[in-house]
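Q: Could you take me on a close look at the empty space inside this protein, and at what surrounds it? I am new to this, so please go step by step.

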Amino acid sequence: MTINSDVPAATEVEKHGIEPIPAQDRSARPLDLFRLVFGGANTFATVVLGSFPILFGLSFKDALLATLLGVIAGGLILAPMAVFGPTNGMNNAVSSSGHLGVHGRVVGSFLSLLTAFAFFSISVWSSGDALIGGANRLMGVPQNPVTLSIAYGVFALLILTVCIYGFRFMLLVNKIAVVAASLLFVLGIFAFAGAFDPAYAGAFGPAADAATNAMFWPSFIGSALIVMSNPVSFGAFLGDWSRYIPAETPKVRVMAATFLAQIATLVPFGFGLVTATIIATEAPSFFEGSDYVGGLLAVAPSWYFLPVCLIALIGGMSTGTTALYGTGLDFSSVFPRFSRVQATIFIGSIAIVFIFVGKFAFNVVQSISTFAVLIITCTAPWMIIMMIGYIVRRGWYDADSLQVFNRRQTGGRYWFNHGWNWRAMAVWIFAAVMGIFFVNIPGQFTGPLGDLAAGVDLSIPVSIGLAAVLYPLALWFFPEPAEAFGPEGPRFVRAAERRNMPITAKEPAGQVPAGIN
């Protein structure tokens, strides 16, 4: 494998947009992908998710099992999404043209936009709260809307700056963040070892009444799904970074880097679990108000306030950049008048406005976590469709046809029916809607079918399962045109008659290119 030695400096603004990354510029390694994926999750946002199993009443042992289940399952679902970047040199939304159609690829762009807004906001809010809370305990900095606004603004602008510089600068930030944040979390072992009780019993057990114990499995499964939503949230973004990995890199190494990055998130998840048991024991009032950060500061020794501030600063930068970078990149293809930098500034500015309005005008901080779950429920079946499509296509794609949307052209191998592959679109819509119907988030949102499983949230399993079953059936009974497949033809499914639609300039409004029906 040959890697270009003339690698751009980290402080050089990234020149590439949505077009395929040239082979000579693909100098990233699977280790770099590991750093970006792990760095994006090695923050307080993940720590807060790690506290949920304890918040739901599980014992430490059961909470640890639910966390392991969620991380492993989520990592296995996420890992295959890393192969599209090296294969095509493009991000995952563009690669999805090969399965949802030239126009259908906007589904991936829309999902990544919503995911970025949700997790960018969560990152800025949680890191800002931790930074100001730690500074308050350490130096007496007042904890009020003014200081919080300053913290949010500084975080948001720093993140936006990194995203403007692009991939290399992001990689530099994450190289530092992965090591520094991990060491600070490990330092927490010494801060909380004396107060931690691994025998923490939670709300369930022989001493609890029947009504309480009846909620054990809904709480256990709900905890695992919340944890699993963290790795799944990266599905739309992986191609943003893996497209810089050379095409000849073994796909198993790329997937392994992604999976191991999720296993590494047991560091922040574990920190959240351990500290949550201490908060539940020593300062339970903070859990009643869903204030994990406040509870953490209440039980932490004073010497650990500075590490809390550093984790907030380092982790917030890392998570925010991984969420925002890809959306700016993809937005430049949806609106080609924008360059990557212009699109990043535009999207970032809107996101910053949302952070302040959502926090201080409408107080949607609690609702944003529910919003994130709904987005993940819709993203999961999209990921399954992409994976199955990759298998039946034997990993073969036509780069020119994948760029038809970005060039405002028509035709090509993935034009299908007026730019939409109705097979994939129908399965995705049905699976996503049914998944939302099965959402059950007590006190936040319960879908029309959310109570069918005695309170167990089945949203993600339902959406994933339906997509996994229905999409192969749709491909078998309604075969895609032969040109959508490579020279070796389809795998496991049939192909319909070849249509051979050339790529042409966009037709005037009202006209349909010849041969399209």
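A: Happy to! Keep in mind that this is a predicted model. Let us begin with how one looks for a hole. Rolling a probe the size of a water molecule over the atoms shows where empty space is left.

In this structure, α17 gives the most to the lining of the largest cavity, namely three residues. Helix α17 spans residues 305-334, and α1 (30-41), α2 (44-55) and α7 (106-139) join it in each supplying at least two residues of that lining. Altogether 15 residues line the largest cavity, and those that lie nearest its centre are G40, F119, S233, F234 and T319. The volume of this cavity is about 120 Å³. How many cavities of 30 Å³ or more are counted? The count comes to one.

What kinds of residues make up the lining of the largest cavity? Seven are nonpolar and eight are polar, while no charged residue takes part.

Now let us turn from the cavity to the packed side chains. F234, one of the residues nearest the cavity centre, is also in contact with W241 when you look past neighbours within four places in sequence. Under that same limit, the other contacts of W241 are L33, L36, V37, F167, M170, T322 and Y325. W241 also stands out in the largest nonpolar core, which has 107 residues: together with F120 and W382, it touches the most other members. Helix α19 (residues 365-392) provides the largest share of this core, with 15 residues. Another core lies apart from it and has 35 residues, including L273, A276, A300 and I311.

Finally, step back to see the whole chain. The protein chain has 22 helices and six strands. Its radius of gyration is 23 Å, close to the 24 Å that the globule rule gives for 517 residues, so the chain is as compact as a globular protein of that length. Along the principal axes, its C-alpha atoms fill a box of roughly 70 × 55 × 45 Å. Of the 517 residues, 56% count as buried. Distant parts of the sequence meet, too: among contacts between residues at least 6 apart in sequence, 79% join residues at least 24 apart.

For one buried example, find S95 in helix α5 (residues 92-95). S95 has a relative accessible area of 0%. Leaving out residues up to four places away in sequence, S95 touches F84, N88, M90, M386, Y397 and L402.

Note on methods. Residues numbered from 1 in each chain as written. Predicted model: local features only at pLDDT ≥ 70, side-chain atom pairs only at ≥ 80, totals over all residues. Heavy atoms only, no water. 1 Å grid on protein atoms, 1.4 Å probe; cavity = no way out; pocket = protein on both sides within 12 Å on 5 of 7 lines; lining within 4 Å. Points joined across faces, edges and corners; volume = space filled by probe spheres on them. Helix = DSSP H or I, 4+ residues; strand = E, 2+ residues; numbered from the N terminus. Nonpolar A, V, L, I, M, F, W, Y, C, P; charged D, E, K, R; others polar. Core = buried A, V, L, I, M, F, W, Y, C linked by side-chain atoms within 4.5 Å. Buried < 20%, exposed > 50% of the residue type's maximum accessible area, 1.4 Å probe, protein only. Contact = heavy atoms within 4.5 Å. Rg over C-alpha atoms; globule rule 2.2 N^0.38 Å.
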